[in-house]
Amino acid sequence: MIEMYTKKVMEHFLNPKNVGEIKNPSGVGEVGNIVCGDVMKLYIKVKNDTIVEIKFKTLGCAAAIATSSVITELAKNKRIEDALKIRNEDVIKILGGLPPIKVHCSLLAVDALKEAIYDYLRKSKRQIPKDLENAHERIEREKRIVKEKFKDFIKRSEKILDISEKSKNKDKRKNKT
Ligand code: FES
């Protein structure tokens with residue numbers, strides 16, 4: 001499978017940008033991939049309607065990691081309305097293509113960004129564009145399907161994320177002492 005990926009995909013997979021979490025984010029997008037059950041969380045910090053910080057965490061494949069890395073780079077410092085115009089075709093083009101069987105993975109990052117923006121607009125009681133509202137309803141529907149279909153896997157994944165977060169905090173505390 002590795003040789004099916006372009007050099008650019010491998011670069012972003014091996015050295016992804018903007019991985020992690022944002023404390024007190026302006027918006028969070030959480031999505032699940034209906035095809036494979038992989039999950040992703042994307043965090044944004046917004047100032048003056050511009051995304052000033054963006055980070056992601058995913059339990060996904062190389063293509064999901066690479067597309068997430070690219071999307072965070074594309075969305076950073078963009079105004080909300082411009083970030084909403086990013087399409088997965090743009091991301092795939094930057095990566096020099098994806099194997100057809102992996103195209104569904106690129107949707108994870110685009111949907112997570114939409115959800116984070118939706119969350120930001122909702123929390124700040126702003127008007128939500130109709131397209132974004134429709135996308136949110138679809139993503140919510142898909143999330144319910146994924147949760148039902150991959151119940152056990154998600155439970156295990158959440159546990160892994162929790163354990164890795166706890167051990168990171170433990171390491172931080174150890175380094176301070
Ligand atoms: S196989 Fe699940 S996101 Fe790629």
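**Note on the predicted model: sheet, helices and core**

1. Asn 24 lies in the loop that runs between α1 (7-14) and β1. The model under discussion is a predicted one. Asn 24 is not a glycine, yet its phi is positive, near 50 degrees. Is Asn 24 buried or exposed? Asn 24 is exposed, because 6 other C-beta atoms lie within 10 Å and the cut-off for an exposed residue is 12 or fewer.

2. A second asparagine deserves a similar remark. Asn 77 sits in the loop between α2 and α3, and this residue, although not a glycine, has a positive phi of about 70 degrees. Asn 77 has 13 C-beta neighbours inside 10 Å and therefore counts as partly exposed.

3. The strands form an open sheet of three, in the order β1-β2-β3, and the pairing is antiparallel. Its edge strands, each of which pairs on one side only, are β1 (27-32) and β3. Neighbouring strands of the sheet are turned against each other by 15 degrees on average, direction ignored.

4. The pairing of β1 with β2 is antiparallel and rests on six bridges. Within this pair, Val 31 has Met 40 of β2 as its bridge partner. The two strands make a hairpin with six residues between them. In the turn of that hairpin, Gly 37 has a positive phi of about 85 degrees.

5. On the other side of the sheet order, β2 and β3 are joined by nine bridges and also run antiparallel. Val 39 stands opposite Leu 59 of β3. The hairpin of β2 and β3 has two residues between the strands, and Asn 48 there takes a positive phi near 50 degrees.

6. Helix α5 packs on this sheet and touches β1, β2 and β3. The direction of α5 makes about 140 degrees with that of β1. Ala 112 illustrates the contacts made at residue level: apart from neighbours within four places in sequence, Ala 112 is in contact with Gly 29, Val 31, Met 40, Leu 42 and Phe 56.

7. Which residues of the largest nonpolar core touch the most other members? This core has 39 residues, and the ones in question are Met 40, Ala 109, Ala 112, Leu 113, Ala 116 and Ile 117. At least two core residues come from each of β2 (39-47), β3 (50-59), α2 (62-75), α3 (80-83), α4 (88-94) and α5. The greatest contribution is that of α5, which gives eleven residues.

8. Two packed helices are described by the angle between their axes and the distance between the axes. For α2 and α5, the axes come within 8 Å and cross at roughly 35 degrees, and the crossing is right-handed. From α2, the residues that meet α5 are Ala 63, Ala 64, Thr 67, Ser 68, Ile 71 and Ala 75. Their counterparts in α5 are Cys 105, Ser 106, Leu 108, Ala 109, Val 110 and Leu 113. Sorted by class, this contact comprises nine nonpolar and three polar residues, with no charged residues.

9. Helix α5 (residues 103-123) also packs with helix α6 (residues 130-149), at an angle of about 115 degrees and with the axes 10 Å apart. Here α5 passes α6 in a left-handed crossing. The α5 residues involved are Asp 111, Lys 114, Glu 115, Ile 117 and Tyr 118, and they meet Leu 132, Ala 135, His 136 and Ile 139 of α6. By class, the α5 to α6 contact has five nonpolar residues, one polar residue and three charged residues. Ile 117 thus appears in this contact and among the core residues that touch the most other members.

10. A final point concerns Gly 60, located in the loop between β3 and α2. Why does Gly 60 count as buried? Gly 60 has 21 C-beta neighbours inside 10 Å and so is buried, the cut-off being 20 or more. Not counting residues up to four places away in sequence, Gly 60 touches Asp 38, Met 40, Ile 65, Cys 105 and Leu 108. Two of these, Cys 105 and Leu 108, are also listed for α5 in its contact with α2. Gly 60 and Cys 36 are 24 residues apart along the chain, and their C-alpha atoms are separated by 8.9 Å.

Conventions. Residues numbered from 1 in each chain as written. Predicted model: local features only at pLDDT ≥ 70, side-chain atom pairs only at ≥ 80, totals over all residues. Axes fitted to C-alpha atoms, helices over the stretch in contact; angles between N-to-C directions. Helix = DSSP H or I, 4+ residues; strand = E, 2+ residues; numbered from the N terminus. Left-handed = near helix turned anticlockwise from the far one by under 90°. Contact = placed C-beta atoms within 7 Å. Nonpolar A, V, L, I, M, F, W, Y, C, P; charged D, E, K, R; others polar. Core = buried A, V, L, I, M, F, W, Y, C linked by C-beta atoms within 7 Å. Pairing = 2+ DSSP bridges.
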